[in-house]
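Reader: I am new to reading protein models, and I would like to know what stands behind the words people use for them. Could we go through this one together?

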Amino acid sequence: MEQTASPEAYSWFIRGRALFDFGNFQTTARAITYFEKAVDADPDYAIAWGHLAYAQLSTMQWQPFEFASSAAIPAYEKALALNPRQSEALATQALAIQILDHDWETAGELYQRAIDAEASSNAMQLYAIWYLQNIGQAEKAIQLINVEAEERDPLHAGYKANLALLYLWTGNATAAARKAREALELNPQHQFALAALIDAYVATENYTGVKQILERTPPAMQDHPRIRARVALSYVSQGDYAKAGEIYRELLEIELTRSYQGLPITAQLALSLGEVEKAIDLMEMAVDLNMWNQFWTASLFRKNEAVKDHPRYLAHLRRMRLDDESLAELQRRMSFD
């Protein structure tokens, strides 16, 4: 029964594990409740504590990091006290260290320990999407999710959504669209799959596809800053700067006062409208607030002509330890084979 003699604890755990998918707040919240019931039934159930930590930290996608981490950190500490090799706990600790300390070497070692310990698909996913792709190892990230995680669980929408994002960042918009559609077929409410599909359609100038997918999307999802910014970027691509600018101004008010969840994509929109300094303001804010998506500003803009040599942007990369010199040193000190 996977480290527990309690049938009740195991029942709650497997229900939470089956339900959890980081791209849907409602199912994540329910999964957390199930994991909590599992550890209530058996306080020594290490794997349930690890999954609880992982699910709780994933709520940083909808709420401030300090709220998510205040629950996740004690949970992964409990899991590791019970089992120092617990995979989800090690991977969750690695991600927290990335966000709080920008210590990529320590985080990388924890991820590798997590995968060596149990070869968890969850650990592989975090290592691939949060770590490898941010340090210039996107092809390795794709292989890890595609060959390992997705093949183990082909009905997991989150793995497919992450693959879609990785394909986008490596320039394969066609493959990205295919994976995003597969994810949405499994979970029509998967926000990151929707975001990836819009990005893929914009990259291939399929604006009819953007319109059609939005027509099938609930208004609450359409109104999220991550999606609104992508709609505005589609307007920019079509040369409709007036509509894009209107959305941009709305998003600035939202992002600067209460949301913060769409800071990198709003920064991308700012750059597309020539608002370079404001774009860098948003990138810096993402680090100030310990935002989960702060690292995307390296993936998205490292080759952007408007900022790639800008002193403030280069300082921003150094602050996250994702500048060229820091990455070269990391490559010398660590192996990713």
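**Helix 19, the core and two pockets**

Author: Gladly! Let us start with helix 19, whose buried residues pack against helix 17 (276-288) and helix 18. Please keep in mind that this is a predicted model.

Reader: Which residues of helix 19 are the buried ones?

Author: They are Y313, H316 and L317, in a helix that covers residues 311-319. The word "buried" requires under 20% relative accessible area, and Y313, H316 and L317 are listed as buried.

Reader: Why is it said that the buried residues line one face of helix 19?

Author: Look down the axis of helix 19: the buried residues fall within an arc of 95 degrees, so they line one face.

Reader: What comes after helix 19, and what is its phi?

Author: Helix 19 is followed by R321, which has a positive phi, near 60 degrees.

Reader: What makes a group of residues a nonpolar core?

Author: Its members are buried residues of certain nonpolar types, joined through side-chain atoms within 4.5 Å. The largest such core here has 126 residues, and M60, Y111 and Y131 touch the most other members. Helix 11 gives the most to this core, with 10 residues. In soluble globular proteins, nonpolar side chains tend to be buried together.

Reader: Which residues is M60 in contact with, leaving aside its neighbours within four places in sequence?

Author: M60 is in contact with F65, A68, L95, I99, W130, Q261 and W292. Contact here means heavy atoms within 4.5 Å.

Reader: What makes a residue part of the lining of a pocket?

Author: A lining residue has an atom within 4 Å of a point of the pocket. For the largest pocket, with a volume of about 900 Å³, there are 31 lining residues, and L168, W169, Q268, S299 and L300 lie nearest its centre. Helix 18 supplies the largest share of that lining, 5 residues. By type, the lining divides into 17 nonpolar, 10 polar and 4 charged residues.

Reader: How many residues line the second largest pocket, and which lie nearest its centre?

Author: There are 24, with R17, N122, D153, H156 and Y159 nearest the centre. The second largest pocket holds about 500 Å³ of space. Helix 1 gives the most to its lining, with 4 residues.

Reader: How do the residues of that second lining divide by type?

Author: The lining of the second largest pocket has 10 nonpolar, 8 polar and 6 charged residues. Asp, Glu, Lys and Arg count as charged, so R17 and D153, both among those nearest the centre, belong to the charged group.

Methods. Residues are numbered from 1 along each chain as its sequence is written. This is a predicted model: local features need pLDDT of at least 70, side-chain atom pairs count only at pLDDT 80 or more; totals for chains, interfaces and linings use all residues. Side-chain values use heavy atoms; hydrogens and water are left out. On a 1 Å grid over the protein atoms alone, a cavity is a set of points where a 1.4 Å probe fits but cannot get out, and a pocket is an open set with protein on both sides within 12 Å along at least five of seven lines; lining residues have an atom within 4 Å of a point. Grid points are joined across faces, edges and corners, and a volume is the space filled by probe spheres set on the points. Helices (H or I, at least four residues) and strands (E, at least two) are DSSP runs, numbered from the N terminus. Buried means under 20% relative accessible area, exposed over 50%, partly exposed in between (1.4 Å probe, protein chains only). The arc is that of the directions from the helix axis to the C-beta atoms.
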